[in-house]
Amino acid sequence: MPEVAANVPDLDAPDVVTKGGASAVYVAPAWKLTWWRFRKHKLALVSLWVVVLITAIAAMPEFFATQDPNTTSARHAFIPPQTIQFVHEGRPAMPFAYGVVGQRDPRTLRMEWAIDTEVRYPVRLFARGFEYRLLGLIPTDRHLIGFAGASGTDIPNLLGTDRLGRDQWSRLTYGTRISLSIGLVAVALSTVLGILLGGISGYFGGLVDNVIQRLIELLQALPPIPVWLALSAALPRTWPVTWVYFAITVILALLGWTRLAREVRGRFLSLREEDFVLAARLVGASRARVIFSHMVPSFTSHIIAATTLAIPLMILNETFLSFLGLGMRPPAISWGVMLQESQNLQSVVNAPWLMIPGLFVIVTVLALNILGDGLRDAADPYSS
Amino acid sequence: MHWFILKRLLVVPFMLFIFSIISFVLIQAPPGDFLTSYIAELTQGGSSVDQAQIDALRQTYGLDRPMVEQYFTWIGRMLQGDLGVSLEWNRANSELIGERLLLTLLLTTFSLLFTWAVAIPIGIISATRKYSLVDYVFTVLNYIGLATPNFLLALVLMWIAFDRFGLSVTGLFSPEFAQAPWSWARVADLMSHIWLPMIVLGVAGTAQIARVVRANLLDELGKPYSEMARAKGLPEWKLVLKYPTRVAIAPVVSTLGWYFPQLLSGGVVVSVVMSLPTIGPLLLRALVGQDMYLAGVIILLFSVLTVIGTLVSDILLAVLDPRIRMDGA
């Protein structure tokens with residue numbers, strides 16, 4: 001297999017048959033060719049790993065969290081990040097985090113936190129902490145990292161605490177679950193809508209096509225954020241978190257499917273004229289068979305790429321909505337909800353670490369965008 | 001040419017009709033009408049409301065009529081220039097929106113110009129120095145620009161300005177000019193404030209549009225007429241600027257169609273963060289307070305602006321590129 005890989009870079013060059021093993025290129029299924037091409041794109045490969053890591057956090061936030069994200073302790077508000085240190089008094093040491101001491105400023109009455117170099121909490125891997133069910137199934141109390149000798153409010157806050165003294169790192173892991181899954185679910189919904197309507201539009205053409213295309217144009221001309229805001233403002237305040245969650249995904253998908261529908265329609269239109277489709281029809285294959293076993297497989301890779309590129313947009317949109325207070329609402333935790341804490345200059349100046357969730361948004365969106373671009377290039381047999 | 005413009009113009013009323021329906025549906029979307037929330041507010045404040053008073057109010061606003069009738073009353077009043085009254089502010093909607101609309105348009109236009117002014121040179125540089133360090137730097141910046149929510153950029157810039165330089169860069173005016181009537185001094189004050197929101201709003205689009213210019217220019221640079229000019233011995237920079245660039249930036253005008261709504265949209269969030277006196281914060285407040293008639297008017301207004309933006313871009317493109325008007329007519 002490695003020898004084959006070495007040959008793949010010249011996949012599209014005429015002299016591809018030169019070395020031994022190259023014949024594998026000709027019998028490889030489409031997904032394998034795509035994977036070989038994708039593998040060449042180093043940045044996309046790195047992004048893939050980033051996405052895998054974030055997905056892992058989203059799948060089991062409890063494991064990555066160090067504290068219960070909902071425990072509030074007003075006395076421990078706005079503690080700055082207690083990052084993991086590797087050097088103590090100028091000498092290298094096993095990873096640990098310093099403790100903090102708080103002192104109330106006599107004039108402003110604000111708690112001023114300072115790093116206490118006397119107290120050190122060594123980092124332990126797979127340490128015991130609060131109990132939870134891994135993936136909702138296995139009861140356990142193991143966490144990726146823990147701090148020896150720390151309990152309750154002493155546990156170091158890797159990314160600091162917010163206004164209510166909640167641990168930001170733990171909240172971030174939980175927020176990852178909601179933010180990422182909203183993106184995924186909303187994109188899944190719009191993909192279904194997009195494939196369905198785009199497929200109908202492209203396959204049947206004529207009047208149906210015209211109506212759907214005008215509808216798409218209309219929806220695309222709407223200014224998205226105001227419309228999303230209005231729709232989410234219409235959600236009753238009394239709804240439970242899960243209902244709001246699904247409503248938000250539906251709202252996002254409502255305007256999000258148009259781009260995919262266009263893509264699918266374009267593919268259908270060009271494929272309809274291809275010889276292999278004509279051949280299938282001539283042999284007497286049914287319409288469903290022509291669509292699902294001949295046409296769909298030949299553009300699945302494009303759909304996957306387009307979908308990957310749509311997820312970051314959805315994540316950003318959810319962040320916008322929640323940030324403005326019209327998306328997910330507390331007690332739900334999402335990146336946007338967390339960023340709401342840093343909505344004005346005052347809180348940012350007092351506690352800049354409240355902006356860290358934004359960094360997560362950027363990294364996730366960046367990784368997904370690069371991954372999507374890599375997939376798109378790999379899926380296109382004509383790209384060099 | 002005239003036919004093309006006429007055809008485009010004919011679509012406009014139809015689009016506006018649909019958008020007005022969408023806006024009206026959005027107004028009606030929250031459970032209950034605005035009177036319910038008004039009554040709730042009154043009872044919460046401790047004052048009692050009697051049924052007769054409620055009925056009277058309901059009748060004045062026509063809330064007891066069927067939906068379709070309510071829609072036509074609403075749109076009829078709109079066409080006569082009566083945008084209704086905001087319940088929360090107790091002022092005419094037109095009065096509330098007036099100056100904010102002007103500032104919104106100003107900010108959006110400035111961001112648009114900023115985007116073009118920065119994106120086009122970047123696109124040209126990236127295309128002529130393909131795969132060079134500069135090109136890679138811009139590609140990376142493009143990805144980061146796309147991934148950064150603009151409100152976050154606003155927050156970070158505001159934080160840096162405050163932390164490093166002790167500047168408070170919120171709003172569009174200094175306190176002494178906020179309520180003042182228009183004067184040259186006020187305009188100057190506005191200009192000294194508008195640049196930061198302009199950059200924040202324009203940055204993400206800059207990267208996208210630079211990509212468009214780069215791709216177009218790369219296509220053009222390989223064409224025979226470029227080769228011909230090169231063979232004649234024309235200096236490279238003169239050649240690039242004189243022929244292919246002109247062709248390559250024409251499609252940028254068409255980006256106005258989708259970029260303008262995007263700017264308007266993004267402006268909402270940025271304005272909230274930077275407390276700009278534009279329409280964005282007004283819309284948000286109206287939505288949160290369920291002041292739905294004000295919200296509806298604003299959304300309709302945004303849609304109208306979008307339609308105008310698309311129309312202008314279509315016409316500009318047709319003026320610049322004869323192939324399109326041949327196709328469309």
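Select helix α13(B) to begin: B:I279, B:G280, B:L282, B:L283, B:L284, B:A286 and B:L287 are its buried residues. The helix is thus mostly covered, with 7 of its 10 residues buried. The model on display is a predicted one, and every value in this tour is computed from it.

Next, display what surrounds this helix. The cover over the buried residues of α13(B) includes α8 (224-233) of chain A, and from chain B it includes α5 (93-128), α12 and α14. Then move to the two ends of α13(B). After the helix comes B:Q290, whose phi is positive, near 55°. In the loop between α12 and α13 of chain B, select B:S275. B:S275 is not a glycine, yet its phi is positive, at about 40°. Most residues other than glycine have a negative phi. B:S275 counts as partly exposed because it has 13 C-beta neighbours inside 10 Å.

**Across to chain A**

Now select A:L229. Which residues does A:L229 contact, leaving aside its neighbours within four places in sequence? From chain B they are B:L283, B:L284 and B:L287, and from chain A they are A:L324 and A:L326. B:L283, B:L284 and B:L287 are among the buried residues of α13(B) already selected.

Extend the selection to the largest nonpolar core, which holds 148 residues. The members that touch the most other members are A:L229, A:A230, B:V213, B:L283, B:A295 and B:I298. Helix α11 (residues 287-323) of chain A supplies the largest share of this core, with 14 residues.

The contact between the chains can be selected as a whole: 35 residues come from chain A and 40 residues from chain B. On the side of chain B that touches chain A, the elements giving two or more residues are α1 (2-28), α6 (133-147), α7 (150-165), α12 (256-273), α13 (279-288) and α14 (292-320) of chain B. Of these, α7(B) gives the most, with 8 residues. Colouring this side of chain B by residue class shows 32 nonpolar, 7 polar and 1 charged.

**Chain A as a whole**

Hide chain B and view chain A alone. Chain A contains 14 helices and 4 strands. Its C-alpha atoms fill a box of roughly 85 × 60 × 40 Å along the principal axes. Of its 384 residues, 39% count as buried. Among contacts in chain A with a separation of 6 or more, 67% are between residues 24 or more positions apart.

**The sheet and its hairpin**

Select the strands of chain A. The 4 strands form an open antiparallel sheet in the order β1-β2-β3-β4. At its edges lie β1 (85-88) and β4 (138-147) of chain A, each of which pairs on one side only. From one strand to the next, the twist averages 60°.

Zoom in on β1(A) and strand β2 (residues 91-104) of chain A, which pair in the antiparallel sense over 3 bridges. Which residues of β2(A) are the bridge partners of A:V87 and A:H88? A:V87 is partnered by A:P92, and A:H88 by A:R91. The hairpin of these two strands has 2 residues between them, and there A:E89 takes a positive phi near 50°.

Step back along the chain to A:F78, in the loop between α5 (61-64) and β1 of chain A. Phi of A:F78 is also positive, near 55°, in a residue other than glycine. Is A:F78 buried or exposed? A:F78 is buried, because 20 other C-beta atoms lie within 10 Å, which meets the cut-off of 20 or more.

**A buried glycine and a cis peptide bond**

Select A:G198, in helix α6 (residues 168-204) of chain A. A:G198 is buried because 28 other C-beta atoms lie within 10 Å. Apart from residues up to four places away in sequence, A:G198 touches A:L260, A:A261, A:R262, A:E263, A:V264 and A:R265. A distance drawn from the C-alpha atom of A:G198 to that of A:F268 reads 8.3 Å, although the two residues are 70 residues apart along the chain.

The last stop is A:P331, in the loop between α11 and α12 (335-339) of chain A. Display the backbone here: the peptide bond from A:P330 to A:P331 is cis, with omega near 10°. Most peptide bonds are trans.

Key: Residues are numbered from 1 along each chain as its sequence is written. Chains are lettered from A and ligands numbered from 1 in the order in which they are written. This is a predicted model: local features need pLDDT of at least 70, side-chain atom pairs count only at pLDDT 80 or more; totals for chains, interfaces and linings use all residues. A nonpolar core is a set of buried Ala, Val, Leu, Ile, Met, Phe, Trp, Tyr and Cys residues joined through C-beta atoms within 7 Å. A residue is buried if 20 or more other C-beta atoms lie within 10 Å of its own, exposed if 12 or fewer, and partly exposed in between; C-beta atoms are placed from the backbone. Two residues are in contact if their C-beta atoms, placed from the backbone, lie within 7 Å. Ala, Val, Leu, Ile, Met, Phe, Trp, Tyr, Cys and Pro count as nonpolar, Asp, Glu, Lys and Arg as charged, and the others, Gly among them, as polar. Two strands pair if DSSP finds at least two bridges between them. Axes are lines fitted to C-alpha atoms, for helices over the stretch in contact, and angles run from 0 to 180 degrees between N-to-C directions.
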